[in-house]
Amino acid sequence: MNVILEARDVRYRYPGSQEAIKGISFHMRRGEKIALVGPNGAGKSTLLQMFNGMIRPISGTMLFDNEPIRYDTSSLRQLRKRVGYVLQNADRQIIAPTVYQDVAFGPANLGYDEQVVREAVATALHQVGLVGFERRPPHHLSGGEKKRVAIAGVLAMDPDVLVFDEPTSGLDPSGSEDLMELLDELNHDGKTIVISTHDVELAYPWAERAILLTDGQIIREDVPDVAFGNTKYVRMAHLSVPTLLELSTELGKRGFEIPERKPRSVLDMIHIIENHLHGACGHPSPGTIMVCNVDEDDTATLTAWVNTHPDLVAGAMGTRAKQCASKECIALEFTYGVIDKCILRALRGKDSLILTTSGMISRVAIRVDAYCKESGNTIAVIPLGITESSPVTDLTNEEV
Amino acid sequence: MRSMIETNLDNVAQQSAFRHIYPGTKLLLALGSLILCLISPSPVVPLISGIVLSLVLIVPGRISPILYGELLLGPAIFAMMSVIVLLFMLGGGDVIWRFNPVPWINLTITTGSLREGILVLCRVFGCSISMFFIALTTPMTDLFNGMKRIGIPIELIDLMMIIYRYIFIICAQAVEIWQAQVMRLGYSRPWEAVRSFSMLCGMLFISSWNAGEDLVRAMDCRCYNGVFPSLDLAEPIQMWSLVPVILYLAGLSGILLVMTTGVVIVP
C-alpha cells in the first residue's frame, strides 16, 4: 500500500497558548483504517485539521500523495476535495436548510453541472442509507441521521481520505455500531479512514493501526493489540486496556495458549477457550451461514422464506441491507460484527442468515474461510440466490 | 419554552397534509384571499374567507384545532384591543352607548363606529387566517425556492437560508441554557431572573459566535466558492388543487362584487 498522507515533524501552537502539537511524524497508507486515540486535549482534533489544510503547522511538513501540501486557495480546494473532514458536532457541519442542499453543497462549489450534482447527492445519500430524506430539514433528524447527513455531504465530493473527529460522540450504542459498520463499508469501497476517539473499546477491534497520542505527541503507533497491549503507554495516554486484551492477558497467565495475534473479537476469544478445552464445548455438526445479496435477490420472496424458518436468526451487513430488512419486516438479531456472530452461532450448530450487498458479499466467505483455516472447523457459506422464478423453498444442512 | 420550539410553525408546515401541493397554488389561495379581504367594504367576504380557510386547514389539512386556536389567540387579542379603541375613536350615525367616567370625558359608541369596528375585526380575522394558511402549509424551504423564481437576489436568499438553519440550533441552545438555569432556581426571584436572563443572552452570544466560526470552517472544508445549492425538487402544478382554488377565489370575488355594487349577474 502506498502512502497517501504523511506528517514530518509537524508542530502547532494556538495563538497565546502552549504548543498543541509537538513534533509529530507519521504516515497513512492508502486504504488503511487508523484510529487516533488519546485523552481530551491530547491534540487529536488539531492534528486531524492539518490533514485537509484547515490548520497549517508552524513548522514541519504535511504531505498528501507524497507532495507537500500547498496552502494557496486553489491547492487547498484540491486537497479538501480529496480529504473529507467530518466534524464532531454534526449540527455545526450541516449548514443548509434541507438534506439535499447540504449534501449538494460540496459538489456545487466544486463547479459540477446540475446533473452531476444530483447524481453525486443521490449516490451519497444511497451510501449512507438516507434515500427519501432529501427535503427534510436537519432539525427534524435524529443524532444518528444528522451524522449520516454530515458524512453524505463529504462523500458527495468523492474524497480518497475520510477524516472523522470523534465519530460516535453523542450517538447511542446502536447508532455507534451502525456508524462503525458504515465506516467499514466505506473502507471496503476503497476509502482511507482515520478517526479520532478516546473510546478504546471502539478503536481496538475496528482499527488496523492505532496511534496513541497524548500532550501533543505520539507515544505509540502500532497494530491495536501491540499499541494497547503495553500498559505503560496506555496509562501515559490516560486510557484503559481494552477488555478483550485484558481478558486474554489474564487467560494467558492462567495457562491458556494465546496466539501471537491477540484476540480482537469475542469469536477470537472463544477460539482460545475452545482450543484450551480441545473443542469440548463446540457442536459436532456446525451450522451453516446463508448469505442473501439484497441487490440481486428477490427480497419479497426472501421474506416469505424467512417466515417459514422461524428458528433462523438473521443479521445485516451494510446500510442497504439493513434498510431492506426494515422494509421487509425481517427481524435482525445482529447489526454489527455480523460475520463473527454468525460463526459463533454456527459453532453451536445453529444456522443463520446474513443479508448483505454486492460490494460486501465477498467479505463473508473470506472471513469464514480465514476462521476455518485457523481453527480447523468447517462452516458452509451458502449464497441463497433467491429469484422470483426460482424461490428457495427449504435448505437444510444435509442439502449443503 | 421547549414546547414553543417543538410546535413552531415550520414544524407544523412540514407535517401538513398540504405539504406536497405546489407552493404557487397555496400562495395564490392565500394571497388572493388576503387581497379580497383587504378590499372588501363588507365584513361578509373576510368572514367567509376566514371560516372556509380555517375549515380547510383543520379538516383536510389535519392541523390540530387546539394548536390552531392558540395561534389565532394572538392576533385575536391584538385585534380586539384595537377595535375597542376604534369603537370610541370613530363616529357617525346614531349613538348606541354613552359613558361619562368623568364630566369632561365623553365616550360614545355609534352605529358608524360599530360598523367600522366589525369590518376591521373581520378583516384582521380574514387576513390573519390567509397568512396562517401559508405559514401552516408551506415550509420555509419551499418559500426560498419561490423567492428564487421571482428574482429575489440570490445573496439575500443564501443569507436567509443560513439564518433559517441557525435559528433552530440557537433556539435549542437557548432551551438547554434556560433549563440548566431553571434547574438551579435561576428564575425563582425577580432579580435572579434578570441576572439569569442576561447570562443566558451572554452565553448565547458566545455560542453563536463559535457556531459562526464552525460554519466558516465547515464551508471551507467543502470548498465553498460562493455557491449555495438550491433544492429544485418542487412539486409540479396539480390541476386537482389549482381548479378548486380558482373556483373558490372566483366565488369569493363574486360575493365581493355583489356586496360592492349590489348587482347580481344572472347568466
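User: How many residue pairs does the rule find in polar contact across the interface of chain A and chain B?

Analyst: The rule finds ten, with both residues of each pair at pLDDT 80 or more. A polar contact is a pair of N or O atoms within 3.5 Å; within protein, one must be able to donate a hydrogen and the other to accept it, and residues adjacent in sequence count only if both atoms are side-chain atoms. The model is predicted: local features need pLDDT of at least 70, side-chain atom pairs count only at pLDDT 80 or more, and totals for chains, interfaces and linings use all residues. Residues are numbered from 1 along each chain as its sequence is written, chains are lettered from A and ligands numbered from 1 in the order in which they are written, and side-chain values use heavy atoms, with hydrogens and water left out.

User: What makes the pair B:Arg165 and A:Asp91 a salt bridge?

Analyst: The N to O distance between their side chains is 3.0 Å. The rule asks for a side-chain nitrogen of Lys or Arg within 4 Å of a carboxyl oxygen of Asp or Glu, so the pair qualifies. Between chain A and chain B the count is four salt bridges. On the side of chain A that touches chain B, α2 (73-82), α3 (90-93), α4 (99-109) and α5 (114-128) of chain A each supply at least two residues. The most comes from α4(A), with eight residues. Helices are DSSP runs (H or I, at least four residues), as are strands (E, at least two), numbered from the N terminus.

User: How much area do chain A and chain B bury between them?

Analyst: The figure is about 3,300 Å², with 59% of it on carbon and sulfur atoms. Buried area is the accessible area (1.4 Å probe) that two parts lose on being put together, summed over both. The contact (heavy atoms within 4.5 Å) takes 35 residues from chain A and 39 residues from chain B.

User: Why is the aromatic pair of B:Phe144 and B:Tyr164 called edge-to-face?

Analyst: The structure holds ten aromatic pairs over all chains. In the pair B:Phe144 and B:Tyr164, the centres are 5.7 Å apart and the planes meet at 80°. The pair links distant parts of the chain, 20 residues apart: B:Phe144 is in helix α7 (residues 140-149) and B:Tyr164 in helix α8 (residues 154-183), both of chain B. Rings of Phe, Tyr and Trp (its six-membered ring) pair if their centres lie within 6.5 Å; planes under 30 degrees apart count as stacked, over 60 as edge-to-face and the rest as tilted. The angle of 80° is over 60, so the pair is edge-to-face.

User: How do you know that B:Phe144 and B:Tyr164 are buried?

Analyst: Buried means under 20% relative accessible area, exposed over 50%, and partly exposed in between (1.4 Å probe, protein chains only). B:Phe144 has 3% and B:Tyr164 has 6%, so both count as buried. A second pair, B:Phe205 and B:Trp209, is tilted, at 6.0 Å centre to centre and 50° between the planes. Both of these residues lie in helix α9 (residues 190-221) of chain B, four residues apart, about one turn of the helix. B:Phe205, at 54%, counts as exposed, and so does B:Trp209, at 53%.

User: What makes the charged end of A:Arg264 count as sitting over the ring of A:Tyr204?

Analyst: The charged end lies 5.9 Å from the ring centre. The rule wants NZ of Lys or CZ of Arg within 6 Å of the ring centre and within 35 degrees of the ring normal. The distance meets the first limit, and A:Arg264 is listed as sitting over the ring.

User: Is A:Lys33 buried or exposed?

Analyst: A:Lys33 is buried, because its relative accessible area is 12%. The residue lies in strand β3 (residues 33-37) of chain A. A polar contact of 2.8 Å joins its side chain to that of A:Asp184, and the A:Lys33 side chain also reaches the backbone oxygen of A:Trp206 at 3.2 Å.

User: Which loop holds B:Cys223, and what is its phi?

Analyst: B:Cys223 is in the loop between α9 and α10 (239-261) of chain B. Its phi is positive, about 60°, although B:Cys223 is not a glycine. With 2% relative accessibility, B:Cys223 counts as buried. B:Arg62 also has a positive phi, about 55°, and is not a glycine. B:Arg62 lies in the loop between α4 and α5 (65-89) of chain B and is exposed, at 66%.
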